[in-house]
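Please open the model in your viewer and keep the selection panel at hand. The tour below moves from one chain to the pair and then to the DNA.

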Number of protein chains: 2
Amino acid sequence: MNIGEVSRAIGLPAKTIRYYEDIGLVQPARGANGYRDFNEQDAHKLAFLGRSRSLGFSIDDCRTLLSLYEDRGRASADVKAIAAEHLQRITLKIDELKELKITLEELVTRCHGDDRPDCPILNDLSGHEARPS
Amino acid sequence: MNIGEVSRAIGLPAKTIRYYEDIGLVQPARGANGYRDFNEQDAHKLAFLGRSRSLGFSIDDCRTLLSLYEDRGRASADVKAIAAEHLQRITLKIDELKELKITLEELVTRCHGDDRPDCPILNDLSGHEARPS
DNA sequence: TATTGACCTTCCTGTTGCTGGAAACTTCAT
DNA sequence: ATGAAGTTTCCAGCAACAGGAAGGTCAATA
């Protein structure tokens with residue numbers, strides 16, 4: 001299985017797969033022509049990585065998750081800890097963005113948005129006006 | 001006003017201020033010793049940038065906002081358009097993260113998190129199990 | 001006056017997770 | 001034999017800075 005096939009099969013760009021090899025996440029064999037030759041296990045690993053990344057885990061987390069996945073004697077607590085921390089980061093991020101959203105919504109609402117120069121948004125940014133909460 | 005003072009006054013790291021000069025957002029004068037010399041207008045610009053960045057606007061947006069701010073003949077519609085687009089991006093991001101959060105919460109909840117190796121999180125990642133939603 | 005310490009300067013590297021492109025090879029189909 | 005499509009490596013770049021090295025400057029003190 002060369003890189004194009006596995007790319008189509010897994011749904012990851014070939015560039016990404018090469019990058020994952022570069023940073024040591026997968027180690028596909030090489031054919032006589034120098035082409036990468038992926039076996040089922042490699043493909044499975046890549047799918048694991050793709051799914052992990054799509055859940056927002058960092059590459060570093062993915063590396064750890066992958067090694068836990070391959071460790072038959074792992075403790076599920078270790079996996080859970082990583083996921084829980086990630087979840088926490090996401091929750092935090094959502095809260096931050098919600099705050100932002102509220103502020104921006106107020107500003108956008110207050111700006112009449114016509115051809116006149118007067119603008120509450122710019123007033124806020126320039127600090128010439130009380131800021132929404 | 002040299003960089004340290006303005007940094008403390010505005011609350012932006014000196015590194016960031018130098019960077020903003022590098023990319024042409026501010027053009028402070030220079031003293032005979034080569035030190036940057038910020039005037040009130042520079043400081044005001046930096047405050048504007050700091051506030052804009054803290055609202056999540058990209059540097060590129062900031063550049064446009066700043067030029068609109070300095071254009072007495074601007075149309076508030078142009079400002080509003082930028083802010084509205086940004087707001088939309090944030091809303092989208094929040095939605096994405098919420099989806100993620102739901103999935104992660106389910107996985108984290110289902111993982112008992114003890115010293116046994118069995119783990120619904122890894123099962124999901126490896127594709128060996130039906131995925132939540 | 002010499003020295004110390006706190007500033008300031010530029011320049012270079014690293015961060016995260018890839019993506020795009022160039023130059024050169026191989027393979028496959030015609 | 002030729003051309004297209006696939007593959008290889010390597011190098012650059014994105015966003016928005018942060019860290020650090022090597023060196024110049026300034027103000028106060030001993």
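How many helices and how many strands does the secondary structure of chain A come to? Before counting, please bear in mind that this is a predicted model. With chain A selected and shown as a cartoon, you should find 6 helices and 2 strands, and following the chain along its sequence you will meet them in the pattern α-α-β-β-α-α-α-α. Chain A is more spread out than a compact globule, because its radius of gyration is 23 Å, whereas the globule rule gives 14 Å for 133 residues.

Keep chain A selected and turn it along its principal axes, where its C-alpha atoms fill a box of roughly 70 × 40 × 20 Å. If you colour the chain by burial, 28% of its 133 residues count as buried. A contact map of chain A adds a further view: among contacts between residues at least 6 apart in sequence, 40% join residues at least 24 apart.

Next, bring in chain B and select the contact between the two chains, which takes 48 residues from chain B and 48 residues from chain A. On the side of chain B that touches chain A, helix H3 (40-54), helix H4 (59-70), helix H5 (76-110) and helix H6 (120-125) each supply at least two residues. Of these elements, H5(B) is the one to highlight, since it provides the largest share of that side, 21 residues. Colouring this side of chain B by residue class shows 25 nonpolar, 11 polar and 12 charged residues.

Now superpose chain B on chain A, which takes a rotation of 180 degrees with 0.0 Å of shift along its axis and gives an RMSD of 0.1 Å. The two copies are therefore related as by a two-fold rotation axis. To place that axis in the view, select B:Ile94, the residue of chain B that comes closest to it, with its C-alpha at 3.0 Å. Both copies use the same surface, as 100% of the contact residues of chain B recur in chain A.

Finally, select DNA strand D and the 18 residues around it, of which A:Gly4, A:Arg36, B:Asn33, B:Ser58 and B:Ile59 come nearest. The elements giving two or more residues to this surface are helix H1 (3-10) and helix H2 (14-22) of chain A, together with helix H2 (14-22) and H4 of chain B. By residue class, the surface near DNA strand D divides into 6 nonpolar, 6 polar and 6 charged residues.

Note on methods
Residues are numbered from 1 along each chain as its sequence is written. Chains are lettered from A and ligands numbered from 1 in the order in which they are written. This is a predicted model: local features need pLDDT of at least 70, side-chain atom pairs count only at pLDDT 80 or more; totals for chains, interfaces and linings use all residues. Helices (H or I, at least four residues) and strands (E, at least two) are DSSP runs, numbered from the N terminus. The radius of gyration is taken over C-alpha atoms; the globule rule is 2.2 Å times the number of residues to the power 0.38. A residue is buried if 20 or more other C-beta atoms lie within 10 Å of its own, exposed if 12 or fewer, and partly exposed in between; C-beta atoms are placed from the backbone. Two residues are in contact if their C-beta atoms, placed from the backbone, lie within 7 Å. Ala, Val, Leu, Ile, Met, Phe, Trp, Tyr, Cys and Pro count as nonpolar, Asp, Glu, Lys and Arg as charged, and the others, Gly among them, as polar. A residue is near a molecule or strand if its C-beta atom, placed from the backbone, lies within 6 Å of it. Copies are superposed by least squares on the C-alpha atoms of residues with pLDDT of at least 70 in both.
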